[in-house]
Amino acid sequence: MAHRSLHHPQPHPSQAAANGSRAARHACAWVALAWAGAVLAQSPTAAPAGKPAPGEFERATGRTPASASTAAPALSSPLPAGAGTAMPSGMASGSGAGYHSPNSPIAPLPQRNDVVPWSVLTDLTKKTTKDGILPVFNAAQKGLDKTTQRIQGFMVPLDAKPTQTHFILTSVPLTCSFCTPGGPESMVEVKAKTPVRYSLEPVVVEGKFTVLTNDQYGLYYRVVDAVPVK
């Protein structure tokens with residue numbers, strides 16, 4: 001008996017290309033969904049009731065960040081009267097002390113006499129070496145090294161947990177679309193001995209303060225063994 005060979009018809013080249021394109025689109029969609037899920041998983045806890053969501057203020061008032069550029073810049077950090085009220089001319093985003101617009105729905109840092117003013121931390125120069133751009137600390141900043149200090153700032157969590165033991169404090173809130181982030185001089189790395197609850201409100205910690213002359217991550221300041229302070 002003759003054996004009949006089974007022949008599977010091959011798809012037309014144009015049909016094969018269409019199938020490949022469809023498969024590629026499906027793969028891209030799955031990658032996008034997975035990325036979105038990862039971002040949501042890393043998101044911090046929900047903001048407390050009564051706090052506007054990012055962009056809510058703009059939608060409600062019709063204002064945009066561009067409309068805030070006409071206002072007089074002011075630092076959010078606690079400063080002596082009459083000091084630090086304007087951003088230096090030509091200061092770019094990602095350098096200096098940062099800018100907290102008076103049109104921001106997020107209140108600036110309150111005045112406190114028991115914390116290191118951001119004006120002290122951000123008043124430094126930098127030098128370019130073969131290792132990169134390094135800070136040049138002045139006498140006041142060097143005097144803070146290896147002493148116990150209190151720092152006030154807005155929390156940038158580094159873990160998707162309601163409480164944080166490793167995070168960044170900044171002079172202006174990074175969640176504010178009206179604010180311009182500062183440079184490394186406007187940030188302090190915190191390694192806490194006691195977990196600190198994540199909050200959109202300003203956070204104050206106390207611990208051993210250190211100046212970093214050549215940190216591998218480009219940071220200038222760190223507080224270790226920190227505990228939260230009311």
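**Group meeting talk: a five-strand barrel and its core**

Hi everyone, let me start with one pair of residues: K127 stands opposite L134 in β3. That pair belongs to a ladder in which strand β2, residues 125–129, is joined to strand β3, residues 132–136, by five bridges, with the two strands running antiparallel. Between β2 and β3 there are two residues, and the strands form a hairpin. Before I go on, please keep in mind that this is a predicted model.

Now the overall layout. The protein has four helices and nine strands. If you read along the sequence, the pattern is α-α-β-α-β-β-α-β-β-β-β-β-β. Of its 230 residues, 30% count as buried. The protein exposes about 13,900 Å², and carbon and sulfur atoms supply 59% of that area. For those of you who think in contact maps: take the contacts between residues at least 6 apart in sequence, and 70% of them join residues at least 24 apart.

On to the barrel. In what order do the strands of the closed barrel run? The order is β4-β5-β7-β9-β8, five strands with mixed pairing. On average, neighbouring strands of this sheet are turned by 45° against each other, direction ignored. As a reminder, strands of a sheet pair through backbone hydrogen bonds, either parallel or antiparallel.

Let's walk through some of those pairings. β4 and β5 run antiparallel and are joined by four bridges. They form a hairpin with five residues between them. One of the pairs to click on is P157, whose bridge partner in β5 is F167. β4 also runs antiparallel to β8, with seven bridges joining them. Here you can look at R150, which has E206 in β8 as its bridge partner. Then β8 and β9 are joined by seven bridges, again antiparallel. In that ladder, K208 stands opposite V224 in β9.

What about the inside? The largest nonpolar core has 30 residues, and L121, I151 and Y221 are those with the most contacts inside it. The elements giving two or more residues to this core are α3 (118–122), β4 (147–157), β5 (163–170), β7 (187–197), β8 (203–211) and β9 (221–229). So which residues does L121 touch, leaving aside its neighbours within four places in sequence? The answer is V116, Q141, L144, I151, E185, V188, F209 and Y221. Notice that I151 and Y221, on that contact list, are also among the residues with the most contacts inside the core.

Let me turn to a lysine, K146, found in the loop between α4 (139–144) and β4. Is K146 buried or exposed? Its relative accessible area is 55%, over the 50% cut-off, so K146 counts as exposed. Even so, K146 has partners from elsewhere in the sequence: leaving aside neighbours within four places, K146 is in contact with K208, F209 and T210. You may remember K208 as the residue opposite V224, and F209 as a contact of L121. K146 and V223 are 77 residues apart in sequence, yet their C-alpha atoms are 9.2 Å apart in space.

Last, the cysteines. C176 has a relative accessible area of 8% and C179 one of 10%; both values are under 20%, so these two residues count as buried. How many disulfides does the structure hold? Zero.

That's my tour; thanks for listening, and I'm happy to go back to any of these residues on screen.

Technical notes: Residues are numbered from 1 along each chain as its sequence is written. This is a predicted model: local features need pLDDT of at least 70, side-chain atom pairs count only at pLDDT 80 or more; totals for chains, interfaces and linings use all residues. Side-chain values use heavy atoms; hydrogens and water are left out. A nonpolar core is a set of buried Ala, Val, Leu, Ile, Met, Phe, Trp, Tyr and Cys residues joined through side-chain atoms within 4.5 Å. Buried means under 20% relative accessible area, exposed over 50%, partly exposed in between (1.4 Å probe, protein chains only). Contact means heavy atoms within 4.5 Å. Two strands pair if DSSP finds at least two bridges between them. Axes are lines fitted to C-alpha atoms, for helices over the stretch in contact, and angles run from 0 to 180 degrees between N-to-C directions. A disulfide is a pair of cysteine sulfur atoms within 2.5 Å. Accessible areas come from the Shrake-Rupley method with a 1.4 Å probe; for residues, only the protein chains shown count as cover.
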